[in-house]
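Me: Please take a close look at one part of this structure for me. I would like to see how a single strand fits into its chain, and how that chain fits into the whole.

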Amino acid sequence: MQAPIAAVRARKPATSLSSARASRRKALLGTLNAAAPEWGSIEHIETLPFGPLLTLERFRLKNGLELLLCEEHSAPVVAFHTWFRVGSRHEKVGKTGLAHLFEHLMFNEVEGRAAGEFDRLLEEAGSEVNASTWLDWTQYNAATPKDQLGLVVQLEAERMSRLVLREPQVTSEKEVVANERRYRVDDDVEGAVSELLWATAFKEHAYRWPTIGWMTDIEGFTTEDCTEFYRTFYAPNNATIVVVGDVAEAQLLGRIAKAYGHIAPSALPLEDVQPEPAQLEERRIDVSKPTSTEKLLIGYHAPALGDWDHPLLSLLVEILFGGRASRVHRRLVRELELASEVRAFVGPFKDPGLTELFVSCREGTSAEAILTVIDEELARVKVEAILQEEIERGRARFELGLLAGLDTVDGKAQTIGFYETVLGRPCAAFERLDAIRNVSSSELRRVARKYFGAGQRSIVFVRPQAETTTGEKQ
Amino acid sequence: MNAPSEISRPKVLIETSHDLPLVSISVGSKSGSIFDPEGLEGLTRLSGRLMRRTAAGRDPQDIDAQIDALGASLSVDVSPSAAALQGTVIRRSLEPFVSLVADVFARPGLAEDELGRLRRETEADLVEALDDDRGLARRWFRKKMFDGHPYGRPVSGVSESLKRITQSDVAACARRLGERDGLFIAFSGDIEGAEAEELAARIVAELPASTKIEDTTPEPVMRPGRRLVIVDKPERSQTQILIGGLGTHAADADHTALLVGNTIFGGTFTARMTQEVRSKRGWSYGAYSSLPIDRRRQAFSMWTFPKAEDAAPCIALQIEMLSALRAKGVTKKELSWAKRYLTRSHAFTVDTPSKRVGLTLDAALYDLPDGYYDDYLNRIAKTTLDDVNRALSARLPEQDLLFVVVGTAADIRSNLEAAIPNLEETEVVRFDQEV
């Protein structure tokens, strides 16, 4: 989710729209709006450069639905993503995991269609369909052959307003989610430990519970819970549609107005966020798991994605932990041979999250020995200057990561939708690269001092359990 | 066999697109891990990685730093039948990146101390892999499915085999991987044909004219009967289940029909398996079947991961579904649906230059029949209901099945044994046993 980038080629001016095209669009919108359903009139808001070669058009329907369109004609395919500004942060204690369960239920049944018909029709159309939920958002993505886009628009609009929630689908889907939780968390060492870290680091903010939810909450959901959640959050004025690919603007706008123009906006609730109080003392947890080696997971409180320091901290983490040439990886894996794996990640969230550091020890190495080395390296960056060549390497890794993520229409739509939903700036991936373009060693040192204080961290030590199994053959 | 080849130019594959300032390069060879001598499992992968780390005799840390500075990635991927050096680079750094790739093949340092370090890293990775239940199921399925066949041997090796590998073994393997005429070089992205040809020539310029790599691997044979292998791991709330037998070969006359049949059975989110296992019963987050291809016949397998209590009924259901599929086949309606799905979704197998060139490279490395991918849509269109149902009945295994289950044996064993009719053997293995 980190956003490297590179303006490798000269950028087009932000407003490259020709006056002829603007006139054509004005005429088109006039025609469409004259015949639009009650909530379907469309306004063109702005044109934005998306990287050096592409542009992004922002439209808004009368019902508040945002539409971001990026025409790209390299292959006869289109990505159609719907991003809802609702994630696990909007849940309540005792109802954790509802946003994620709901994501599953959105594939079940809509009025006038049989259960499962949504998936069946889209697969028959050759579409690749999926969805994901995280702390701040839920997104639904369909990549489709260009000649099947009309079906995708129709079905996505239907489930935004006419979803059917009833038994036995709700109970069956709860069981599927419980199995997903067993797979991703309960029987997975890293998943279980990550959940523990966030629950330790956060005491007030909704980021303290996992997106998949606690098992007891998953088991307890009712159809009424789901219906209330749907009515509250699944509204056009709480969503952004992102379309990338081989599509003509006029045709798309006509379809969108027709399909979504009947959906009324909702009165969205005021968000009830509890800010996380500053952590002043280190927190430590020790757990045993059925694993062969010790693990270490550290979480430092980190700035929100929109904070000016976020890209700088991300660059610093890249220099310290990103790839084999990074400082900590080189010491722990190569020189000292204490670890088999080193990873780090600055959470890309709307509110302040965590910088997670994960290390898997080699056999015979203690997590404490790893922690000593990490502390030495963090202490170094707080006093010594980082070499310019290290900064440039980190920046190049950012840039490669961004470009590689834009390979497909789906990747572009994901990048646009994510930054639009979390920051309200769909091209922010490129802004982040600009932000680290001329960063100095002293700025990185300031960031290290600010975000790597010992009192700001939580640590989970994972110890291997004693073995309990034996082999035999009959 | 081993006759000197007269081919002096590499086989170059190119897909151009200027949409992004990125170039991807794959240098592939048919020389995969099946060429690892018995007892030296892991040799090809270890050698390929050591070549990448010690190009031109340089310090591995310098190489890693250079790759990062270029805005590039470079890794070695080894399968039983092929090995490939794969990289992506920001266009502005293409020249120095290609020089590095050339050094990997032409001047690998293969330093003894780095070999030792890499061996220890690999051993640590094998220990780490024990945490991954799905990976455990896959490795045990491969080992037991292809017991005694080169496909059954571990690509990454095991601790003992890695310890046996010497520098001279690695040097010999590096020569094999760097044989010019055995290489296929694929470029995709922001590069034109003439430039790609020139860079490919640079990559192989210093490589020796080579001997032909001949794959003498026999066709695998399935052991008869039904066997259950429980990979015993403590405190599993869930199981990882793989069930299968011998599958398809790209040269089979009924290959395409079998792929279509598998699409209906377990190839998509709305296929029979997902509907029955996930949607109706909620037993498993995923339920799929697959029919991979290789130079020899590969396996057919079904994958589910129900909670421990549901493992036995889930297996019983899968056996029943497989039996019904073989006996009754698929319907005309299902076939029409599958053909539309396969035809339309093909757009996503060719929507980027790297995917397009990847198909061409695979066809070359895996000896796929002429026009395998080019003619794919035609073959799908021509497939009839009879073709599919004959293929399913003839090719899918039912009595000769391997069941691999990762779970806590004490909790699941008796129920699993009761759920599998005509079970001939149960073997319980420790999850931390090397495989």
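Reply: Helices and strands here are DSSP runs, with at least four residues for a helix and at least two for a strand, numbered from the N terminus. Keep in mind that this is a predicted model. By that count, chain B has 16 helices and 11 strands. Its radius of gyration is 23 Å, close to the 22 Å that the globule rule gives for 435 residues, so chain B is as compact as a globular protein of that length. The C-alpha trace of chain B spans about 60 × 50 × 40 Å along its principal axes.

Now the strand. E5 of chain B covers residues 183-189. Is E5(B) buried or exposed? It is mostly covered, with seven of its seven residues buried. To count as buried, a residue needs 20 or more other C-beta atoms within 10 Å of its own. Across chain B, 54% of the 435 residues count as buried.

Which strands pair with E5(B)? One is E1(B), residues 11-16, which pairs with E5(B) in the parallel sense over six bridges. There, Lys11(B) has Phe184(B) as its bridge partner. Another is E2(B), residues 22-29, which runs antiparallel to E5(B) and is joined to it by seven bridges. In this pairing, Val27(B) has Ile185(B) as its bridge partner.

E1(B) and E5(B) lie far apart in the numbering, at residues 11-16 and 183-189. Long-range links count for much in chain B: of its contacts with a separation of 6 or more, 83% join residues 24 or more positions apart.

Next, the nonpolar core. The largest one has 267 residues. Among the members that touch the most others are Val101(B), Ile203(B) and Ile315(B), along with Leu316(A) from chain A. Take Ile315(B). Leaving out residues up to four places away in sequence, Ile315(B) touches Ile241(B), Ile243(B), Phe403(B), Leu416(B), Ala419(B) and Ile420(B).

Finally, step out to the neighbouring chain. In chain B, 66 residues are in contact with 64 residues of chain A. The chain B side of this contact has 24 nonpolar, 17 polar and 25 charged residues.

Chain A has a contact of its own, between domain 1 (29-260) and domain 2 (283-464). There, 36 residues of domain 1 are in contact with 32 residues of domain 2. On the domain 1 side, helix H6(A) gives the most, with 10 residues. By class, that side has 23 nonpolar, nine polar and four charged residues.

Note on methods. Residues numbered from 1 in each chain as written. Chains lettered and ligands numbered in written order. Predicted model: local features only at pLDDT ≥ 70, side-chain atom pairs only at ≥ 80, totals over all residues. Buried ≥ 20, exposed ≤ 12 C-beta atoms within 10 Å, placed from the backbone. Pairing = 2+ DSSP bridges. Domains from an automatic or database assignment. Contact = placed C-beta atoms within 7 Å. Nonpolar A, V, L, I, M, F, W, Y, C, P; charged D, E, K, R; others polar. Core = buried A, V, L, I, M, F, W, Y, C linked by C-beta atoms within 7 Å. Rg over C-alpha atoms; globule rule 2.2 N^0.38 Å.
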